[in-house]
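User: Could you take a close look at one part of this model for me? I'd like the neighbourhood of the biggest enclosed void, and then whatever links up with it.

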Amino acid sequence: MARSDAAAHVRDLLAEQGRATYAEQAGIRLKDTPQPLYQLLVLAHLLSARIRASTAIDAAAALFAAGMRRPQGMRDASWQQRVDALGEGGYRRYDERTATQLGEEAELVLAKYGGDLRRMRKAADGDVDALRSALREMPGIGPAGADIFLREVQGIWPEVAPYLDRRALEGARRAHLPTDADALADLVPRKELPSLAAALVRASLERKPARSGDRGEKAGAAA
């Protein structure tokens with residue numbers, strides 16, 4: 001596929017799937033400051049479960065609305081308050097385990113990074129593998145959660161870009177786009193990489209209609 005054709009195809013994909021990142025959908029105004037970075041960590045944690053992305057987004061918004069926007073607030077909330085907020089967002093299948101993990105995660109963010117994930121970035125010193133390993137030290141953050149965080153944060157942490165993981169590349173394959181991360185990244189401005197990654201993930205989650213005329217369904221986790 002010629003680059004001009006691929007770029008046009010990407011524009012069509014973004015028009016179809018939307019340009020909003022998962023962070024934007026959860027009401028997170030992502031920037032390189034402690035609170036939104038922590039909120040992104042929480043969102044990545046929730047999105048990595050085998051649950052609808054929309055449910056994870058609603059649960060994150062409910063946690064933040066209940067005052068758990070910072071690691072201090074998450075740590076100081078009771079386990080039951082975390083469970084209740086997750087339930088309010090519809091996140092019931094994993095609510096008890098996740099409530100425990102979120103408390104432990106907040107404790108680690110505070111103890112190791114003083115509540116500021118920019119310190120995690122500084123410790124990684126531009127090494128994306130080291131950053132991914134540090135994320136995986138967080139309770140409840142496995143490979144999928146680390147991928148979600150890095151896909152979203154690449155817009156403000158340029159050393160991470162381009163971060164188009166297995167899930168995003170599967171979306172590229174389904175959308176008949178290049179499946180090489182560098183080739184895909186060349187099709188959009190760097191600041192739009194998180195939007196492209198989110199759109200590709202949504203494309204990877206679309207189910208084919210069961211019969212002619214049915215509409216596909218966007219389901220599953222964003223991981």
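Analyst: Here is a walk through the cavity, the helix beside it and a few other spots.

Some ground rules: this is a predicted model, so local features need pLDDT of at least 70 and side-chain atom pairs count only at pLDDT 80 or more, while totals for chains, interfaces and linings use all residues. Residues are numbered from 1 along each chain as its sequence is written, and side-chain values use heavy atoms, with hydrogens and water left out.

Let's start with the void. A cavity here is a set of points, on a 1 Å grid over the protein atoms alone, where a 1.4 Å probe fits but cannot get out, and lining residues have an atom within 4 Å of a point. Points are joined across faces, edges and corners, and the volume is the space filled by probe spheres set on them. The search gives 1 cavity of 30 Å³ or more, and the largest cavity holds about 30 Å³. Its lining is made up of R121, A124, G126, D127, V128, L131, E159 and V160. By class that is 4 nonpolar, 1 polar and 3 charged residues, with Ala, Val, Leu, Ile, Met, Phe, Trp, Tyr, Cys and Pro taken as nonpolar, Asp, Glu, Lys and Arg as charged, and the others, Gly among them, as polar. Helix 8 (118–124) and helix 9 each supply at least two of the lining residues; helices are DSSP runs of H or I with at least four residues, numbered from the N terminus.

Now helix 9 itself. Its buried residues (under 20% relative accessible area with a 1.4 Å probe, protein chains only; exposed is over 50%, partly exposed in between) are V128, L131, A134 and L135. Seen down the helix axis, they fall within an arc of 120 degrees, so they line one face of helix 9; that arc is taken over the directions from the axis to the C-beta atoms. Their cover includes helix 3 (34–47), helix 7 (95–113), helix 8 and helix 10, where contact means heavy atoms within 4.5 Å.

The loops around here are worth a look too. D125 sits between helix 8 and helix 9, and its phi is near 55 degrees, positive in a residue other than glycine. D125 is also exposed, at 67% relative accessible area. Past helix 9, G142 is in the loop leading to helix 10 (143–153) and is partly exposed at 23%. After helix 10, P162 lies in the loop before helix 11 (166–174), and a cis peptide bond joins A161 to P162, with omega about -5 degrees. For context, most residues other than glycine have a negative phi, and most peptide bonds are trans. H176, in the loop between helix 11 and helix 12 (181–185), has a positive phi as well, near 60 degrees, and is exposed at 60%.

Finally, the packing elsewhere. The largest nonpolar core (buried Ala, Val, Leu, Ile, Met, Phe, Trp, Tyr and Cys joined through side-chain atoms within 4.5 Å) has 78 residues, of which Y22, L63, M120 and F149 touch the most other members. Leaving out residues up to four places away in sequence, L63 touches V42, L46, M68, M74, R82, A85, L86 and L102.

Notes. On a 1 Å grid over the protein atoms alone, a cavity is a set of points where a 1.4 Å probe fits but cannot get out, and a pocket is an open set with protein on both sides within 12 Å along at least five of seven lines; lining residues have an atom within 4 Å of a point.
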